[in-house]
Amino acid sequence: MKVTVNRKAHFNAAHRLYNSDWTDARNATVFGKCANPNYHGHNYELIVSVKGEINPETGFVMDMKILKALIETEIEAEFDHKNLNVEVSEFKTLNPTAENISVVIWNKLRPNIDKNLELSITLYETPRNFVTYTGD
Ligand code: NI
C-alpha cells in the first residue's frame with residue numbers, strides 16, 4: 001500500500017525564454033512574451049509529491065516538517081525573487097521553461113529524499129499552465 005503526500009510551495013522569479021541559435025523573430029514567434037529581452041516574472045506554484053509506504057512507527061510516508069525545510073533551503077532560497085537566467089547557475093545555458101525548471105527542482109530534491117520514496121514535481125507557471133516531472 002502506497003500513499004502520496006504533497007507539499008505546496010511558492011516562488012516568484014523572472015526569466016527569459018530564448019534560443020541563441022535563432023533569430024529574434026523566430027524567438028518571438030516560438031516564445032511569445034516570454035522572449036522579452038528585458039525579462040518578466042511569474043508566480044510559480046510548486047507541488048512536491050512523495051509516494052511510498054507508510055512508516056508503521058510514525059504513520060508518516062515522510063515527515064512534512066523535513067520536506068518543508070528541504071523545499072525552503074533547496075528551492076525557495078535559490079529561486080525566489082531571482083532572475084533565473086542570470087542568477088541560477090543551472091539556467092546559464094538551459095532555457096528556464098517550466099519543463100526545465102521542474103527537472104532542475106527534481107534533481108535538487110532527489111538526493112535529499114529516502115531512495116525508497118518516489119518523487120514527483122508539479123510546477124505551475126500560470127494558473128492554467130503546469131508541468132509534471134517524475135524522473136522518467
Ligand atoms: Ni515566461
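This is a short tour of the model, stop by stop, with a selection to make at each one.

Before you click, note that the model is predicted, with local features needing pLDDT of at least 70 and side-chain atom pairs counted only at pLDDT 80 or more, while totals for chains, interfaces and linings use all residues. Residues are numbered from 1 along each chain as its sequence is written, and side-chain values use heavy atoms, with hydrogens and water left out.

**Whole chain.** Start with a cartoon view. You should find four helices and five strands, taken as DSSP runs (H or I of at least four residues for helices, E of at least two for strands) and numbered from the N terminus. Along the sequence they follow β-α-β-α-β-α-α-β-β. The C-alpha atoms fill a box of roughly 60 × 25 × 25 Å along the principal axes.

**The sheet.** Now select the strands. They form an open, mixed sheet in the order β3-β1-β2-β4-β5, where pairing requires at least two DSSP bridges between two strands. At the edges are β3 (82-83) and β5 (130-133), each paired on one side only. Next, pick residues 2-15 and 40-53: these are β1 and β2, antiparallel over 14 bridges. To check the register, click Asn-6 and look for its bridge partner in β2, Ser-49.

**The helices across it.** Select 64-79 to see α2, which lies across β1, β2 and β3 at about 20 degrees to β1. Then take 98-109, helix α4, which lies across β1, β2, β4 (118-124) and β5 at about 145 degrees to β4. Axes are lines fitted to C-alpha atoms, for helices over the stretch in contact (heavy atoms within 4.5 Å), and angles run from 0 to 180 degrees between N-to-C directions.

**The core.** Show Val-50, Phe-79 and Ile-105, which touch the most other members of the 31-residue largest nonpolar core. Such a core is a set of buried Ala, Val, Leu, Ile, Met, Phe, Trp, Tyr and Cys residues joined through side-chain atoms within 4.5 Å; buried means under 20% relative accessible area (1.4 Å probe, protein chains only). Helix α4 gives this core its largest share, six residues. Around Ile-105, find its contacts beyond four places in sequence, including Phe-11, Leu-46 and Ile-121.

**The nickel site.** Finish at the nickel ion, coordinated by His-15 (NE2), Cys-34 (SG), His-40 (NE2) and His-42 (NE2) at 2.0 to 2.1 Å. Donors here are N, O and S atoms within 2.8 Å of the metal (3.2 Å for Na, K and Ca). The angles between them are 94 to 133 degrees, so the arrangement is tetrahedral, a label that requires all angles between 85 and 135 degrees. Two of these ligands are buried: Cys-34 at 13% relative accessible area and His-40 at 18%.

Definitions and conventions: Tetrahedral: all angles 85-135°; square planar, octahedral: opposite > 155°, others 65-115°. Buried < 20%, exposed > 50% of the residue type's maximum accessible area, 1.4 Å probe, protein only.
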